[in-house]
Amino acid sequence: MATFSQLNTILSPAVLILFITLPLSKAVLDAHFYDQKCPQAERIISETVRNASIYDPKVPARILRMFFHDCFLRGCDASVLLDSTQGNKAEKDGPPNISLRAFYVVDDAKAKLEMACPNISGGPYWNVLKGRKDGRVSKANETINLPAPSFNVTQLSQSFARRGLGLKDLVALSGGHTLGFSHCSSFEARVGNFSALHEVDPNINIEFAEKLRKKCLDPKRDHNTGEFLDSTSSTFDNDYYQRVMAGKGVFGSDQTLYGDFRTRWIVESFAKDEKLFFREFAASMVKLGNVGVIEDGEVRVKCRVVN
């Protein structure tokens, strides 16, 4: 079972990649880029994430999701942090990103980093390559390219392959749902009027489906109503895979990983061996963090606006 310090170890690299980096003539990344330039960065980031998580236990899941949504579109260029302007609707206001939260945690950490090390941030817990520039472009309509919770393995694998990520990366990164929470809108179609032949998705555990259906019955419900994506939502562990094997994946895209022969064996491996999952998750996060590294970028002073 992961302790909170382990959670912090897992999440801090994701936060670091969302922050501002030093300008480079070329997009040269280095695992030790900031070791000498800002040695206190790790402590600043860790304390910020830890303190925010004490007041809001959903912060770890929210930051992890923010990281994925940023990297999956234009690479890890912090474009998801940019606010919309009068002439442009930014990524964070695209339909899949409306429910992204915890931007204030990034803002808080960035402000502290700017005081300690102007125009710098860094420090990995796993071997994260650093030295990225921040993007200047952020478009809401590009969020259609994020993988949907209704995708099957074929659709998911095609989406991941376009980013240079394979099936093992797909299954490992889906394990980030161990910290996840979903609103009803992302899964209620599975438990009511699923198809012309089935009222409920036949791949879901029937008792679990009834639980989800009852949660989402009231049309006047609180918009925050939903379900955690595993039963130990405050702990980074492999419970997510065990639940998927039991037919209790909340998203169709979760459950399909066990229903497809191409990914079933990976799900079973991670469910059986938590240490293996941790190793593969870290490796896939490094790969995700290096998708679409840009050379023509800038170093933002404030995360939410271009300079």
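## The disulfide

Cys-184 and Cys-216 are joined by a disulfide, with the two sulfur atoms 2.1 Å apart. In this predicted model, the structure holds one such bond. The link between Cys-184 and Cys-216 is left-handed, with -80° about the S-S bond. Cys-184 sits in the loop between β1 and α7 (206-215), and Cys-216 in the loop between α7 and β2 (226-228), so the bond ties together parts that are 32 residues apart in sequence.

Are the two cysteines buried or exposed? Cys-184 is buried, at 1% relative accessibility. Cys-216 is buried as well, with a relative accessible area of 8%.

## The annotated position His-177

An unreviewed UniProt entry places the feature "binding site" at His-177. This residue belongs to the loop between α6 (167-174) and β1 (181-183). His-177 has a relative accessible area of 22% and counts as partly exposed, because the cut-off for buried is under 20%.

Which residues is His-177 in contact with, once neighbours within four places in sequence are left aside? They are Leu-229, Asp-230, Tyr-240, Phe-251 and Asp-254.

## Positive phi outside glycine

Ala-78 is not a glycine, yet has a positive phi of about 60°. Its place is in the loop between α3 (59-74) and α4 (103-116). Ala-78 is buried, with 0% relative accessibility.

Asn-193 also has a positive phi, near 60°, in a residue other than glycine. Asn-193 lies in the loop between β1 and α7, the loop that also holds Cys-184. With a relative accessible area of 64%, Asn-193 is exposed, whereas Ala-78 is buried.

## Nonpolar cores

The largest nonpolar core has 33 residues, and Tyr-241, Leu-257 and Leu-288 touch the most other members. The elements giving two or more residues to this core are α3, α5 (153-161), α6, α8 (239-245), α9 (252-259), α10 (261-272) and α11. Of these, α3 gives the most, with seven residues.

What does Leu-257 touch, not counting residues up to four places away in sequence? Its partners are Val-153, Leu-156, Leu-170, Val-171, Ser-174, Tyr-240, Thr-263, Arg-264 and Val-267. Tyr-240 is also one of the contacts of His-177. Apart from the largest core lies another, of 21 residues, including Phe-103, Val-105, Val-106 and Cys-117.

## Helix α11

Helix α11 covers residues 274-289, which is 16 residues. From its first C-alpha to its last it reaches 22 Å, close to the 22 Å expected at 1.5 Å a residue. Which residue caps the N-terminal end of α11? Asp-273 does, through a side-chain oxygen 3.2 Å from the backbone nitrogen of Lys-275.

The buried residues in α11 are Phe-277, Glu-280, Phe-281, Ser-284, Met-285, Leu-288 and Gly-289. An α-helix has 3.6 residues a turn, so residues three or four places apart point the same way. Leu-288, buried in α11, is also among the residues that touch the most other members of the largest core. The helix itself is one of the elements that give two or more residues to that core.

How values were computed
Residues are numbered from 1 along each chain as its sequence is written. This is a predicted model: local features need pLDDT of at least 70, side-chain atom pairs count only at pLDDT 80 or more; totals for chains, interfaces and linings use all residues. Side-chain values use heavy atoms; hydrogens and water are left out. Helices (H or I, at least four residues) and strands (E, at least two) are DSSP runs, numbered from the N terminus. The expected span of a helix is 1.5 Å times one less than its number of residues. Buried means under 20% relative accessible area, exposed over 50%, partly exposed in between (1.4 Å probe, protein chains only). A polar contact is a pair of N or O atoms within 3.5 Å; within protein, one must be able to donate a hydrogen and the other to accept it, and residues adjacent in sequence count only if both atoms are side-chain atoms. UniProt positions are given in the numbering used here, feature names are shortened, and annotations may be inferred rather than shown by experiment. Contact means heavy atoms within 4.5 Å. A disulfide is a pair of cysteine sulfur atoms within 2.5 Å. A nonpolar core is a set of buried Ala, Val, Leu, Ile, Met, Phe, Trp, Tyr and Cys residues joined through side-chain atoms within 4.5 Å.
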